[in-house]
Amino acid sequence: MSSSISSDLFPREAAPPAEAAIAAVEAPALRRRGWGEVYAALDLGTNNCRLLVARGAGAGFRVIDAFSRIVRLGEGLGASGSLSEAAMERTLAALKVCAAKIAHRGVTRARYVATEACRKAANCDDFLARVRQTTGIAIETITTDEEARLAVAGCAPLLDRRQPYAIVFDIGGGSTELVWVRLGAPPAGGTEILGSISLPFGVVTFTERYGGDVISPDAYAAMVQEARDAMSAFARRFDIGKGLAGGGVQMLGSSGTVTTLGGIHLNLPRYIRSVVDGSMLNFAAIEAISARLAAMSCTEREAYPCIGTDRADLVVAGCAILAAICALWPVGQLRVADRGIREGILLSLLATAA
């Protein structure tokens, strides 16, 4: 199945999905569903606002439009408990672009969700009412369990069915999700979430607390230790170490941190989603790149084409959280996923099409 999508439609975070994602649904029951429908999925996070628009195509879907912008909706939320006016204005500007694309593409079925920033903010309901009044987009705030389910559904095509278990994680702006997954053997497959946890920190919250310019070794170590301590109970609860010892565990990361490190590791002259998505990162490369970035100033990090100005102050916090994950579960390598909640939403919409 081909995808005739112009790369000009997609900014850094939202390049066109690879064909493996486009044709992710293979169940025969879905082959006749969704014809003529135009689907939209929007994920409003603490840091990013992301939209995908797709049309049903055979056994899957074909992306026809996309949008992604770093809005930092959760900026200052940890200290104030509320969304700031500046953050809401930035987000509204991005959502107006999304609304125009939704109208232009004639979307017939959609789901629009918000995650950690809106779960935490005291003024979330007022903000979402303002969004609906201003843009016509009705956004629902989803639970951490639903966030985990959608993220795993969106990433599932990248999981190796020959390995029985997987650690799937998403380092977000205001939270970090960890999911412990059991996989059915091919050809039937199947993905079962055995457990998940949403930790109340991400790249924005850690950057606001520890800094985003030159990070001292002590500050970096403190971030790693805080993240590791928070994750330890989850590891013990599901006895993940036992699975690691048996060699039947894989790791998949869905986040801007992981995709950024993937682009750097591949030495790309610019971020290319189709190259990064599905690629492998070994832990030695993660450690080396993270140490290099942590020793740089924010200005120096901006010079990396896969980082740029929007991520330069956030990426080291993400590296620290990733370091904690790698230390707790030394799988040795992880698969990079430039996909997640939006793809999970689209697959769910397709699966329930009449």
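Two cavities of 30 Å³ or more are found in this structure, which is a predicted model, and they make a convenient place to begin. The largest cavity has a volume of about 500 Å³. Its lining is made up of 36 residues, and those closest to the centre of the cavity are Asn48, Arg50, Asp170, Ser255 and Gly256.

To see which parts of the chain surround this space, it helps to turn to the secondary structure. Strand 2 (48-57), strand 6 (165-171), helix 10 (256-265) and helix 16 (341-351) each contribute at least two residues to the lining of the largest cavity, and the largest share, four residues, is supplied by helix 10. Sorted by class, the lining of the largest cavity consists of seven nonpolar, 16 polar and 13 charged residues.

The second largest cavity, for its part, has a volume of about 60 Å³. Its lining is formed by Glu147, Ala148, Ala151, Val168, Phe169, Asp170, Glu177, Val179 and Ile341, and the elements that give two or more residues to this lining are helix 6 (144-155), strand 6 and strand 7 (176-183). Here the residues divide into six nonpolar, no polar and three charged. Asp170 deserves a second look, since this residue is listed among those closest to the centre of the largest cavity and also appears in the lining of the second largest cavity.

From the cavities the reader can move on to the aromatic rings. A pair of aromatic rings is described by the distance of the centres and the angle of the planes. Across the whole structure, four aromatic pairs are found. One of them joins Tyr165 and Trp180, whose rings are stacked, with 5.1 Å from centre to centre and 5° between the planes. Because Tyr165 belongs to strand 6 and Trp180 to strand 7, this pair ties together parts that are 15 residues apart in sequence. The two partners can also be described by their accessibility: Tyr165 is partly exposed, with a relative accessible area of 25%, whereas Trp180 is buried, with a relative accessible area of 4%.

Another aromatic pair is formed by Phe201 and Phe206, which are likewise stacked, with 4.9 Å from centre to centre and 15° between the planes. Both Phe201 and Phe206 are buried. These two residues also take part in a wider arrangement, in which ring pairs link Phe201, Phe206 and Tyr210 into a cluster.

Notes: Residues numbered from 1 in each chain as written. Predicted model: local features only at pLDDT ≥ 70, side-chain atom pairs only at ≥ 80, totals over all residues. Heavy atoms only, no water. 1 Å grid on protein atoms, 1.4 Å probe; cavity = no way out; pocket = protein on both sides within 12 Å on 5 of 7 lines; lining within 4 Å. Points joined across faces, edges and corners; volume = space filled by probe spheres on them. Nonpolar A, V, L, I, M, F, W, Y, C, P; charged D, E, K, R; others polar. Phe/Tyr/Trp six-rings, centres within 6.5 Å; stacked < 30°, edge-to-face > 60°. Buried < 20%, exposed > 50% of the residue type's maximum accessible area, 1.4 Å probe, protein only.
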